[in-house]
Each structure stands twice: as C-alpha cells, then as structure tokens.
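The following exercises concern strand pairing, burial and charge pairing in a single protein chain. Each task is followed by a worked solution.

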Amino acid sequence: MGSEELVGGRYRLEHVAGHGGMATVFVAHDTRLDRKVAIKLLSRRRDASGVLNKRFEREARAEARIVHPNVVSVHDVGEHEGRPYIVMDYVEGEPLADLIAETPLSSERVAAIGFGIARALAAAHVLGIFHRDVKPANIIIDGQGIPHLMDFGLARELDDEDPGVTAPGLLVGTAHYVAPEQARYGTASPAADLYSLGAVLYHALTGEPPFSGGNALDVALRRFEEDPAELRVLLPAADSELTELIHALLAREPIDRPWDAAQVAERLGDIAARLRATRTAGEAQEPLR
C-alpha cells in the first residue's frame, strides 16, 4: 500500500500503531477534516464464510452506538481493496498492558482506572452490548491518566441472532481474563464483562493475572476449580475495600458477583476519591524541605 494512497479516498496512513489477530491499526490523517485518526484494517480480504467480516462489521456497529468519554469512538467504516476498515478516535497514550508490564500500580490508580472502565461497560450494557474481551491490551491510558476501552470486535448484542459469529462452546475472549461461564459456554453477560474487569484490576495491582501458566485452555479451566490467591495475603498494604471488590468480581458463579457495572463504577470511584484525599492530606502535612 503506497504511502500516498488514501484509504476511503480521505485517510492517509502514517504508521502502524499495533497488530491484532485479525487486523492492523494505523495512525492516519483525515485529509477532509484535517485531524489525526486511528484506522483498524482487516488483515484479510473478505473470507468465503464471511464470519470474520461479520465480526468486524458488528464491532463498528457496536462501538458507533456507544458515546462515552471512556470508550474509543467510531467515526466511519468502509472497505479498501477488499479489506474492511473502521475509523476511530486517535487516543494518544499507552496501553494498560504496557504500563503494568513495567510495574504494578497503586491501589488509588487501579481504582481510578477501574472506575473509568466500569463506566464504559455500563454505557455498553445499557444498550445491550457486551464487550467479551476486556483485557489490558484493550485499554488505553491517555496523557491525563484517563482510561479508554477499545476493540469491541468480540462484542455481541442481545438481539444478535447469528450464532455462526460467536458459536456456543467456542472460547471467545482472552484466557487470562475470561469469565468461567464464557470459557465454558461462550456466555456473554454483564457479569462476564465484570469478571474480566476484576481480572484486569487484579493484574494491575499485583503485576500478574489471577491465573497464569500452561496453555490458554489450562489457564481458562483453572478458574473452574481454583480461586485466585488472596490479595490481602499477597499485598497486605493494598486497600482492603478495593481488594474485597476485586475478589467479588472474580467469583466463580455469576450470581455471586456484582451485577451492575454502574454500581461497580460508583464503588470504584468512591474508593479512588478516598485514597486520593488521603494521599493529598498526607502530602500537605509533610514538612517543607
């Protein structure tokens, strides 16, 4: 693809921002509106079955319906040389996956990130949309520390009647973060998304996901028989209210988890605010040097 070639007659690709299993994300310039955007271009041309393309198009429909400051917005869709693409907000920042690969985060920062992502999930759930693949690589932290949830490529709407796109029994999602019922039955629900959020927050706080080791199937199956290591044992100094909430989100049975993303967001926001106030008060009491 030549550097001067315009995708959709208006988007000039500048450089690759990242690769996924089914697509490449480019930073591009919208020549019509003179702004920077991100373009997700399907790696393959249209496949014979059309399943990948249905998933890709569904991602565009799902994300376009969700207008929220913690969700990466979709602006345009199209096809370039037989390859579908989605035009999204360009968010300048760092994937959470890269951030927590360097060092675990504080309780305050984990609560603040969780607050933003829970709000994003609440906005999706009220529309009947489930993300199905909440993980650190799908969360971008911008320069102000605000998290943005992206990549609804595995999302499934409540009224989606096409079982061929995400068939029951197919492990959809990422093994380290997928809910037990989603790993076993392919079940999408608010509770499954919230389990994944809990797994992400556990990873951000400890530097490791709640289950790891072995192949993807082994990792996914461990959650049927084991509970994650207790955070109060691993991290005695971590905020107890936060660790209790994370373990509640990681309950094996959906009925035992918090069920409403908006309520989870409220709790995480309260925790973050309390920890921020405590830190600020402590800094104010420090003697001048």
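**Exercise 1. Determine which residue of β9 stands opposite Gly93, and describe the pairing around that strand.**

Step 1. Gly93 stands opposite Asp142 in β9. The model is predicted: local features require pLDDT of at least 70 and side-chain atom pairs pLDDT 80 or more, whereas totals for chains, interfaces and linings use all residues. Residues are numbered from 1 along each chain as its sequence is written, and side-chain values use heavy atoms, with hydrogens and water left out.

Step 2. Strand β7 (residues 93–95) and β9 pair in the antiparallel sense over three bridges. Strands are DSSP runs of E with at least two residues, helices are runs of H or I with at least four, and both are numbered from the N terminus. Two strands pair if DSSP finds at least two bridges between them.

Step 3. β9 also pairs with strand β10 (residues 147–149), again antiparallel over three bridges, and Ile139 stands opposite Leu149 there. The two strands form a hairpin with four residues between them, and Gly145 in the turn has a positive phi of about 85°.

Step 4. Both faces of β9 (residues 139–142) are covered: Ile139 and Ile141 are buried on one side, Ile140 and Asp142 on the other. Buried means under 20% relative accessible area, exposed over 50%, and partly exposed in between (1.4 Å probe, protein chains only).

**Exercise 2. Establish the strand order of the open sheet and identify the strands at its edges.**

Step 1. Six strands form the open sheet in the order β1-β2-β3-β4-β6-β5, with antiparallel pairing.

Step 2. β1 (6–7) and β5 (74–80) stand at the edges with a single partner strand each, so one side of each has no neighbour in the sheet.

Step 3. β1 pairs with strand β2 (residues 11–19) in the antiparallel sense over two bridges; the bridge partner of Leu6 in β2 is Arg12.

**Exercise 3. Characterise helix α3 and the salt bridge that links it to helix α9.**

Step 1. Helix α3 (residues 107–125) has 19 residues and reaches 26 Å from its first C-alpha to its last. This is close to the expected 27 Å, taken as 1.5 Å times one less than the number of residues.

Step 2. Of the 19 residues of α3, 14 are buried, so the helix is largely enclosed by the rest of the structure.

Step 3. The side chains of Arg279 and Glu108 meet in a salt bridge at 2.7 Å, N to O. The pair links Arg279 in helix α9 (residues 261–285) with Glu108 in α3, 171 residues apart. A salt bridge is a side-chain nitrogen of Lys or Arg within 4 Å of a carboxyl oxygen of Asp or Glu.

Step 4. Arg279 counts as partly exposed at 36% relative accessibility, whereas Glu108 counts as buried at 17%.

**Exercise 4. Is Glu63 buried or exposed, and which side chain of opposite charge is nearest?**

Step 1. Glu63 is found in helix α1 (residues 51–65).

Step 2. Glu63 is buried yet has no salt bridge; the nearest side chain of opposite charge, Lys40, is 5.8 Å away. In this assignment Lys and Arg count as positive and Asp and Glu as negative, while His and the chain ends are not counted.

Step 3. Leaving aside neighbours within four places in sequence, Glu63 is in contact (heavy atoms within 4.5 Å) with Val72, Val74, Asp151 and Phe152.
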